[in-house]
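Trainee: I would like a close look at a single part of this model. Please take one strand and go through its surroundings step by step.

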Amino acid sequence: MINRCNRCMADKGDAIICPNCGYINNSATVNPDYLPPTTRLHQRYELGNLLSYNNESGVYIAYDTQIDTVVEIREFMPRPIAVRNPDDGSLLVEKDPLPLYKQLSTEFIDLNHALSKIRTIGDLVQVYELFTENNTFYIVMEHVEGESLNEYLSQKYGELNLEEALNLFSSTVKSLQKLHEIGLVHGGISPQTLYINRNNQVKIGGFCIPSIRRENPLIEPELFEGYAAPEQYDTDGNSFGPWTDVYAMAAVLYKSLIGSKPSSSHSRLSVDNLVAPNMLNSSIPTN
């Protein structure tokens, strides 16, 4: 992952790679919809590269100048109902979509406020702080030193044996159960939102508002094909719940054991041709 922190920004030499965050010098490609590197937020956080984005938000690597550490910052940026003011970096929302913007921003605040209170589920990517600036909302999050499950599996020739999978994911399953007990549903569990840190521990990240995790008329969702449950393609959204994460976690286990993801749940509603794992790998017990 290419990052950038305050120390490499301050470097006046021609260093190729920052020893603190791994940023490759001059590698940032600025997306005009998002804030450029070196932007300072909350009089404290120096932004680096934009790491990822969807129709809910963008995530930046950042450097916390007060406590000398690398963090990640999620900026509420619901495209296409909000646009960036090129003069001062603030978000602009037209009058017509303003009610929708307010609805989505309330979801964003409520979700991340709830996550910021959770300190007993160590497998979650921690939310440290919420603040407002640039006419929008920002979330300061833990930066996981490691890699995505997708990257981890690629180094394991695409799959794990049963013992490896059980050891890796047993704590993740328990953490999801705890999350459900306090009334939260992730809705986007996949190899792209699960991270493996340097201690070989799975961290659950990629939280988004409910409106981005199911088909809806409000805003284009981010659904991970093969891992999204059937109810996430249902526009009424009434059946979305903890079972949605159960489906996704089962799909992650399938991918981890077999090396290929299940076909889309939406495509299997009429004809389900999914092959049982033990039919593809005889070492996997039938149960």
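**Strand β3 and what surrounds it**

Mentor: In this predicted model, β3 and strand β4 (residues 69-76) pair in the antiparallel sense, over eight bridges. One of these pairs joins Ile61 to its bridge partner in β4, Glu72. The two strands form a hairpin with four residues between them, and there Asp68 takes a positive phi near 60°.

β3 also pairs with strand β2 (residues 45-53), again in the antiparallel sense, over six bridges. Here Tyr53 has Gly58 of β3 as its bridge partner. β2 and β3 form a hairpin too, with three residues between them.

Now take β3 itself, which covers residues 57-64. Ser57, Val59, Ile61 and Tyr63 point one way from the strand. Gly58, Tyr60, Ala62 and Asp64 point the other way. The residues on both sides are buried. Buried stands for a relative accessible area under 20%. Because eight of the eight residues of β3 are buried, the strand is largely enclosed by the rest of the structure.

A residue of the partner strand gives a view of the contacts here. Leaving aside neighbours within four places in sequence, Ile73 is in contact with several residues of β3, including Gly58, Val59, Tyr60 and Ala62. Ile73 also contacts Leu41, Tyr45 and Leu47, and further along the chain Tyr138, Ile139 and Val140.

Ile73 leads on to the nonpolar core. In soluble globular proteins, nonpolar side chains tend to be buried together. The largest nonpolar core in this model has 62 residues, and Ile73, Leu149 and Phe169 are those with the most contacts inside it. Helix α5 (residues 242-258) gives the most to this core, with seven residues.

That helix deserves a short look as well. The buried residues of α5 include Ala248, Met249, Val252, Leu257 and Ile258, and also Thr244, Asp245 and Lys255. Among the elements that cover the buried residues of α5 are α3 (149-155), α4 (162-181), β10 (194-197) and α6 (277-280). The length of α5 can be checked: at 1.5 Å a residue, its 17 residues should span 24 Å, and the end C-alpha atoms are 25 Å apart, which agrees. Just after α5, Gly259 takes a positive phi of about 95°.

To return to the start, β3 pairs with β2 over six bridges and with β4 over eight, and Ile73 ties this account to the largest nonpolar core.

How values were computed
Residues numbered from 1 in each chain as written. Predicted model: local features only at pLDDT ≥ 70, side-chain atom pairs only at ≥ 80, totals over all residues. Heavy atoms only, no water. Core = buried A, V, L, I, M, F, W, Y, C linked by side-chain atoms within 4.5 Å. Buried < 20%, exposed > 50% of the residue type's maximum accessible area, 1.4 Å probe, protein only. Contact = heavy atoms within 4.5 Å. Pairing = 2+ DSSP bridges. Expected span 1.5 Å × (residues − 1).
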